Amino acid sequence: MEGNMYDNYVFDLYGTLVDIHTEENDAKVWEKLSLFYGFYGALYDPQELQESYLALIQSKETDLKGELEKEPHYAHEAFPEIRIEEVFKELYAKKGIKADDALAVHTGQFFRVLTMEYVRIYDGVRELLKALKKCGKKVYLLSNAQRIFTEYEMNYLDITKYFDDILISSDYGTKKPDIRFFEQLIEKYHLDVKKTLMIGNDVRCDINGAKEAGLDTFYIHSNISPKLPEETVILPDGTEKKRKVMPDADFVLDGMDMERVRELLLGE
């Protein structure tokens, strides 16, 4: 199958175009974040802040799932997505501090910077996106992410300009693999699913979700992909070897290689 048969290319972000590592369990993160809250009068000790943060996320996800279940066409595989800035705002409120939206966003972004060890694009990403645009293709992003983090990270990495639209799950209250998130993009642009390819690094979210929505799929097993199941194979000499079980996608690449992605998609 030739990748150039498609008119529309839908990319996942993290682990597909962008390599990132964050660490939210580092005690230093919560020490510094509690100090930041303290600057605005919301006094937390680090452990209390971390526990309150996690409890609020769980509560909001449960509440949102309950709301989704009330919808007449609710799919039981639905995955709710909260808006993380609301969590940071409520953490102020728990200490009697009325924070405005701007402070909540800035607090969330400060937290993101504290947790981030690195963020960078994979080699060849800009060249691939430029080539798709040069060929007249439509390029979209469909990302399970938080707007207050991802929009700014994409601007920092200078890749926003390559996309015809960017859909971030926190704006929609649901995330991949929920078919409704895919349908938001399909319906908004009246995409022909037979001419649309989803490229991602997560079997469950990107590949299985896209296939349910009727899209062809391209799986890339990157350095931050979820672990794949393994099977035992017998080699010609009779010895056993473990190997990854790759997903049933239209294109499969075991390892990050943007030159090979470009070759498969555009024949270049």
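## Aromatic cluster and ring pairs

In this predicted model, ring pairs link Phe36, Tyr37, Tyr40, Tyr44, Tyr92 and Phe110 into a cluster, and the structure as a whole holds 14 aromatic pairs. One of these pairs is formed by Phe36 and Phe110, whose rings are stacked, with 4.7 Å from centre to centre and 25 degrees between the planes. Phe36 belongs to helix 1 (residues 27–39) and Phe110 to helix 4 (residues 101–115), so this pair ties together parts that are 74 residues apart in sequence. With a relative accessibility of 16%, Phe36 counts as buried, whereas Phe110, at 29%, counts as partly exposed.

The pair of Tyr172 and Phe181 is tilted, because the ring centres lie 5.7 Å apart and the planes stand at 45 degrees. Here Phe181 is buried, with a relative accessible area of 0%, while Tyr172 is partly exposed, with a relative accessible area of 29%.

## Charges over rings

Tyr44, a member of the aromatic cluster, also has the charged end of Lys95 sitting over its ring, at 4.7 Å from the ring centre. In a second arrangement involving a charged residue and a ring, Arg120 lies over the face of Tyr118, at 3.8 Å from the ring centre.

## Salt bridges

The structure holds 22 salt bridges. Arg120, which lies over the face of Tyr118, also forms a salt bridge with Asp19, in which the closest N and O atoms are 3.5 Å apart. Because Asp19 lies in strand 2 and Arg120 in strand 3 (residues 116–121), this contact ties together parts that are 101 residues apart in sequence. Asp19 is buried, with a relative accessible area of 6%, but Arg120 counts as partly exposed, at 43% relative accessibility.

Another salt bridge brings together the side chains of Lys176 and Asp12, at 2.9 Å from N to O. Distant parts of the chain are linked by this pair, since Lys176 is in the loop between strand 5 and helix 7 (179–188) and Asp12 is in the loop between strand 1 and strand 2 (18–22), 164 residues apart. Lys176 counts as buried at 2% relative accessibility, and Asp12 counts as buried at 6%. The side chains of Asp158 and Lys161 also meet in a salt bridge, at 3.3 Å from N to O; of these two residues, Asp158 counts as partly exposed at 37% relative accessibility, and Lys161 is exposed, with a relative accessible area of 56%. In addition, Lys60, Arg83, Glu85, Glu86 and Glu90 are joined into one network by salt bridges that share partners.

## The sheet and its helices

Six strands form an open sheet in the order 5-4-1-6-7-10, with parallel pairing. Strand 5 (165–168) and strand 10 (251–253) stand at the edges with a single partner strand each, so one side of each is left without a neighbour in the sheet. On average, and with direction ignored, neighbouring strands of this sheet are turned by 15 degrees against each other.

Towards the strand 5 edge, strand 4 (residues 138–143) runs parallel to strand 5 and is joined to it by four bridges; among the paired residues, Tyr140 has Asp165 in strand 5 as its bridge partner. Helix 6 (residues 147–157) packs on the sheet and touches strand 4 and strand 5, with a direction that makes about 150 degrees with that of strand 5. Helix 5 (residues 125–134) lies across strand 1 (8–11) and strand 4, and runs at about 155 degrees to strand 1.

How values were computed
Residues numbered from 1 in each chain as written. Predicted model: local features only at pLDDT ≥ 70, side-chain atom pairs only at ≥ 80, totals over all residues. Heavy atoms only, no water. Pairing = 2+ DSSP bridges. Helix = DSSP H or I, 4+ residues; strand = E, 2+ residues; numbered from the N terminus. Axes fitted to C-alpha atoms, helices over the stretch in contact; angles between N-to-C directions. Contact = heavy atoms within 4.5 Å. Phe/Tyr/Trp six-rings, centres within 6.5 Å; stacked < 30°, edge-to-face > 60°. Buried < 20%, exposed > 50% of the residue type's maximum accessible area, 1.4 Å probe, protein only. Lys NZ or Arg CZ within 6 Å of the ring centre and 35° of its normal. Salt bridge = Lys/Arg side-chain N within 4 Å of Asp/Glu carboxyl O.
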